[in-house]
Amino acid sequence: MSINARSPRNELFQELKPRCVELSQLALRDDGSSGSNKALIQSASQLLAILQHKCRGLDQKLADYVFFPISQILKRKQTYTDRLSELSIKSLRILLEYGWKDGIALELAKQLLMLLTFVVGGVPGKESAPTPEELLVEAYGALAALFRDLAGTPGGAASVVDAGTIPALGHCLAVVLEGATDGPAAETQLEALITLEAIWSCIKDVQALSTFLPGTVSALTKCLMPSTGQRRSRKVIIKALNIFRYVLVSLLGDIKTRNIRNQKPSASNKGATEPQALTTSWLKATSGQIRLALSNVIRLRTHESAEARKALNRLCITLLDECHDTLAESSAMLVETCIMLTGIDDDEDLVDRATSLTDLSSIYPDLVDLIKNSVYNWVTSLPRIMQSNDEAGKLSALENLSKGSLLLQGLNLESPLLHDALCDSLRDSVSVTLDTLPTRKPVQDSEFDLNSQAALTLATENASTTRFKPVLMGKESQKETLQQFASLIDNLGSRESQMRMASEMLEYARSASGPTLLASFWLSSRILRSATSKNRDLDEFFESSLTLSDEQDVAGQELFSYSLSLLGKDNEASPDWRMQTIALEVIADTAQHLKQDFRAELVDTLYPVAKLLGSSNSSLREHAITCLNIVSKACGYANASELIVENADYMVNAISLSLDTFDISPQAPQVLVMMIRLVGPSLLLYLDDVVRSIFAALDNFHGYHRLVEALFTVLGEIVLVGSDSKQLRITNDVSIAHRKTKLHHSSMIDIASLIAAKSSENEETSYPPEKAPHTPWKSADELLDEREVPPPEGGDDETTSMEIAKAPPTKTYVMLQSIARLSQHYLTHASPILRVKLLGLVSISSTALYKDEDSFLPLVNDIWPVVIRRLYDEESFVAIAAANAVAAICQSAGDFLSTRISAEWVELMKLSSQSKARFAAEKKGKGGRGVYSQASQVWEAVIGLLIAIVGNVRIDDGMFDEVLELLEDLLWQREKLRDALETVNSDAVWLVLQWMGKNKRFDQPVAEGFTFARMDMAVLV
Amino acid sequence: MALPPATPAYILRGHGSQIHATTFVRSNRRLMTGDADGWIVIWSLIIKRPVAVWRAHQGSILGASAWGSDKFITHGKDNKLIVWKLSEEDEASMSIVLPVDTPPEPRKEPWILHILEVNTMNFCSFAQADLPSNDEGSEELLIAVPNTMSSETVDIFHLPSGKRIHTIPASPTFKGGMIMALSLFFHPLTSHLTVLAGYESGHTSVSCLTTSWHALYTANPHSQPILSLDVDPGKQFYFTSSADAVLAKHPISASNENVIGPVESMPLKVIKTKHSGQQGLKVRNDGKVLATAGWDGRVRVYGVKGMKELAVLKWHKEGCYAVAFADMDVEVEEGKDEGVDSQEEKGKALASRTGTMTVKEEREQKAKSTHWLAVGSKDGKVSLWDIY
């Protein structure tokens, strides 16, 4: 020991000495008064301060020296609950931790052991107030330091377990264990645990340890058992787990128990005389007990703290490793826990990572079986769990399974048996989660209303959703379960096994029915999707033969074609709409996978998807829209409308073919209407055969109102779009105006200009004299040539010349015409809505078609009788539509109708006066609805009709008068009406107005020598 | 045996007027159609869309076919026979707006290689035969069309020179009227140039060139003008159809030694179909089935051997004018299979493996190998049938 070292020690001694002396004097003089107590506390705290400050300089001798006054204080104490004892225990702890760390006198140690035990646990047999927490912490710390010192002292470990001390030790241990489990605060518990650790590491004697084992284990288990009453702090749990691990390994490690296990039963009998506790039977009983304890402890695997779970994982791994043989009974349990906790230390660096189950299983082959077993158990129990309502349970089950299968994959342990079991289990799990389908109402054709469906909304609103709403497990609460399921699917094993599973599922789906069909189809699609997304990077860099991407493509194709066949089926044919939604998802996936190449697939795909836009099921519609959005994005179209516009030809083809086979689903007309709206008139050119098919369908299904209506909606749309298109191309541009014009009265100016024109004409016609022609106007050769030109040969040339004379009507024209003509057969249809629709169609088409009179007038001739009858329809809104239609025909056909109108005149007038009367009655009655009342609307329509007739059709004077009479009271307020009537006979109109006194007043002219009759007088006469 | 009625696989819409010619080109990947207004449309069978549209003639198209891989021959009523050059790469630059949609600006036409001024008084389409070339590289072709002056004789032109090299005189034994249908080939056995002709009178004749033109065979099974004829791929017999209801099978005798003069002989088989007016007739290149396009809007498929009606294809509401079979490569592939050794097999396996790689290729393969039957009709539509 050098001078340098000695001198600080001396310094410290010099410093400590006065305090110690002072303290011991005070202690000796202590009379229990508060004054001396105060002085003691002060002195002790001064000592403590020095100790705390200079603790590193302490050695055994100094410690002994300092201990003396402290022991004085402690000796006098009956209870250790006050400030003074706390100070002394603190000082003691410092002494133990630093002073006696290289060795402690064994006797002293024994005394201290007892003392500290009393401090902590109280004197046995004496009721005392509970020790304050701070004191407890210090005392535990001191105890722990004591045992560490003992462990460092030669012979210390042995002295602890000698016959004299062992009761004290036992008591101490009991106290500590009690503190660990029932300590008032987390801190004390933690300290107690540290103390426990120190005790265990101090005791080397196996006998003693084995005696203490049951108590320790049970206390630790109690500490680790998750209980509702008491929540242990995270630190305590981690510490306890670590100690538990240490305890078990130290006593039951394979190396320790090797001898015992190797003992022959006879050998143990022979040695029975000796106090040999460690026998095979003991081991057996102990490991059984431990198993029980472990089964409680591993419940911590669901602990929310990752640290705790990590500690548990270490415990399990260590036990599996070190106590592999001893605790073989519990290894299944441990393995299970380990699998569940796989990946818990993934965030740590590779170097820091402890042994993993994977590593262990390569050492102990029996673990492999255990792993397999537990995964298999999970697999088989999955459907049962999925059936329950416990979402958390499902979550963890799925998570475990996915970890398990990942582990198996890592270990190359995929067995066909497991694979099959997994297949079945997954399928069953999914199918149990399927809700039983709500019984669907039998599909009535009232379910679809053409105008409210998504087919038409696509045309207008630009829905841009590109994510499918989950169909399976779609509830909010199942969201996480679904996610977990997805990750399970992701972890289903290598790509190869995923592929295999996907195709097996598909194969199963082909022959299955009901929920399992749905489940396997869904799984197949999911698995494939996961495989695709997982291996995308791989495929980019490696040859296809290496990455199995071929197989994947083949499987994908199979799934795709199966989905397509599903969609191709009639809506009613497939039992579950969810199948179709999954099929849509598959198609969207395929599109995303193929990108632009998918355009070629659109031939077969687009219509089946678009068809679903007209489905009566809203989620199916949403899915279809989403699918279209995804597909259009994948194929490089701006939006779904563009997709449809660009590929209208495919759709037309599909619709036409389906109409041809009389596959009359309500969707086809809807999709057609949508397309016509989106694409516009240019589509009509390709629709002629579709229109023909619609006609055929109408012929065959004329009894089905809704269908007929749907089909006529299409026709109406065609007419609407076609009527304002260029493609109508009416060739003769003669504007045909049927509107009557006023008779032109020739005035004097006209006559004058006429005469002037005549005279100028005379001047022009005086031709200058002309020379006689010297040559013939045409040469003889030319004439001969002309003769020789053969007459146009064959019928063909004649037809061509005819064609030149009159171009055939365009396709669109013919189409519109035939639609209008067809409508006559359905105007008597029982459905009033259809009748209205048709009348609207007639009026639109007649305004569109009238320019080509040669074909239009025959059409009018055809449809007239039916249309005019509709005026007397009992449904007033049909009658209104009919009036409008007739008015439109009048405007387009004009005088052509004059005989037809006059034939109808009597009836027409009757109708008009009736409606007028009804209107008047309605007006008079109370609570009338004004212009919105039916009577008023009918009347308005009739007025419009009469205006159209008078304005465009030639009628005789008697009829005109009747109209005038009927409408006289409206004349003065309706400009249009007056115009129309005045055009025909303005005098009559004037007269009527005059009669009613609605004309402007004429001032009676004044002239000398004349008396004018008064105007109204004259009229009256 | 009650199968549901066959439905077409696809309808190609877009011609504005009736279709007079259909033919599969570019090893079944393209379909060429020509209509009465002179429009030619080349359709891709993979995407079922036009890849090239142009107006080849001012008059109706009478016939259209391919010459080699990138040349197309069209024959129009405007007295022209034009050879166009349109390789697959050039297709991208062509307009694809269909004839129904009349576009504002004039269309781009493919490169014209040759124009022959020919007679188109009658509705007879040309016939073509590859000249057995002596040196590779130069492609020579013989074209048979009715004679410019008299419609009863046949002119044979040589391409690329554009010269008329033969004129076959009208048969002295019968008064045939105009020639309505032609076929031209080198007989496989004698390698004599052989011409089959169908006449307005319903006669048909086989002529062959040895030192001069001999009529080998004449027959008159039809009471109406012959509308179409096609020859069996083995060149052993041929079929004629006419405006009447008769379908006739005629022999093509190989040798002319025993035939001194043109003899009126009997056809091998005559069947009365009861459907008059069969404008188009084609024999599939495997020689197993033939199809007729009828004015009643139906296409009938017959077995070549027994002349038995196998199928009636009904979709068009108006008369069908043209029919075409996709070429079948069966025999070629079978021939290959026999000579395959293991190494080649390996290569093939590899090829098939790469074949599965892209879906696009797969589709192309599918389009190529499908047994298409294309029918062109008066309504301006072409229906595609996947049959036999």
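**Note on the predicted model, chains A and B**

1. Chain A exposes about 50,600 Å², and carbon and sulfur atoms supply 54% of that area. The model is predicted, so these values and those below describe computed coordinates. Chain A has 1021 residues, of which 49% count as buried. Its secondary structure comes to 47 helices and 0 strands. Among contacts in chain A between residues at least 6 apart in sequence, 75% join residues at least 24 apart.

2. One helix of chain A that is mostly covered is α16, residues 331–340, with 8 of its 10 residues buried. The buried set consists of A:S331, A:M333, A:L334, A:V335, A:T337, A:C338, A:I339 and A:M340. What do these buried residues of α16(A) pack against? Their partners are helices of chain A: α14 (280–297) and α15 (306–322), together with α17 (357–363), α18 (365–387) and α19 (391–411).

3. The surface of chain A includes a nonpolar patch of about 470 Å², made by A:M748, A:I751, A:L754 and A:I755. Of these residues, A:I755 lies in helix α36, which spans residues 748–764 of chain A. Is A:I755 buried or exposed? Its relative accessible area is 56%, so A:I755 counts as exposed, the cut-off for that class being over 50%.

4. In chain B, strand β3 (residues 30–35) is mostly covered, with 6 of its 6 residues buried. B:R30, B:M32 and B:G34 point one way from the strand, while B:L31, B:T33 and B:D35 point the other way. Residues on both sides of β3(B) are buried, and the charged residues B:R30 and B:D35 are included in that count.

5. β3(B) has antiparallel pairings with β2(B) and with β4(B). Strand β2 (residues 19–25) is joined to β3(B) by 6 bridges, and B:T22 has B:T33 as its bridge partner. The hairpin of β2(B) and β3(B) has 4 residues between the strands, and B:R26 takes a positive phi near 50 degrees there. With strand β4 (residues 39–44), β3(B) shares 5 bridges, and B:L31 stands opposite B:W43. The hairpin of β3(B) and β4(B) has 3 residues between the strands, and in this hairpin B:G38 has a positive phi near 95 degrees.

6. An open sheet of chain B holds 4 strands in the order β6-β7-β8-β9, with antiparallel pairing. Which strands stand at its edges? They are β6 (61–67) and β9 (111–117); each has a single partner strand, so one side of each is left without a neighbour in the sheet. Neighbouring strands are turned by 15 degrees against each other on average, direction ignored. The edge strand β9(B) is joined to β8 (residues 80–85) by 6 bridges in the antiparallel sense, with B:V83 and B:H114 as bridge partners.

7. Strand β14 (residues 179–186) of chain B is also mostly covered, 7 of its 8 residues being buried. It pairs antiparallel with β15 (residues 193–199) over 7 bridges, and B:L184 stands opposite B:V195 in β15(B). The two strands form a hairpin with 6 residues between them; in the turn, B:S191 has a positive phi of about 50 degrees.

8. B:V195 appears again among the contacts of B:S205, a residue placed in strand β16 (residues 204–209) of chain B. B:S205 counts as buried because its relative accessibility is 4%, against a cut-off of under 20%. Not counting residues up to four places away in sequence, B:S205 touches B:F174, B:V195, B:L196, B:A197, B:Y199, B:Y217, B:T218 and B:Y238.

9. Another open sheet of 4 strands in chain B has the order β22-β23-β24-β25 and antiparallel pairing. Its edges are β22 (278–283) and β25 (309–314); since each has a single partner strand, one side of each is left without a neighbour in the sheet. Neighbouring strands here are turned by 20 degrees against each other on average, direction ignored. β22(B) pairs with β23 (residues 289–294) over 5 bridges in the antiparallel sense, and B:G280 has B:A293 as its bridge partner.

Conventions:
Residues are numbered from 1 along each chain as its sequence is written. Chains are lettered from A and ligands numbered from 1 in the order in which they are written. This is a predicted model: local features need pLDDT of at least 70, side-chain atom pairs count only at pLDDT 80 or more; totals for chains, interfaces and linings use all residues. Side-chain values use heavy atoms; hydrogens and water are left out. Buried means under 20% relative accessible area, exposed over 50%, partly exposed in between (1.4 Å probe, protein chains only). Contact means heavy atoms within 4.5 Å. Two strands pair if DSSP finds at least two bridges between them. Axes are lines fitted to C-alpha atoms, for helices over the stretch in contact, and angles run from 0 to 180 degrees between N-to-C directions. Accessible areas come from the Shrake-Rupley method with a 1.4 Å probe; for residues, only the protein chains shown count as cover. Patches are made of residues with over 30% relative accessible area and no salt bridge: like charges are joined within 9 Å, nonpolar side chains (Val, Leu, Ile, Met, Phe, Trp, Tyr) within 5 Å. A salt bridge is a side-chain nitrogen of Lys or Arg within 4 Å of a carboxyl oxygen of Asp or Glu.
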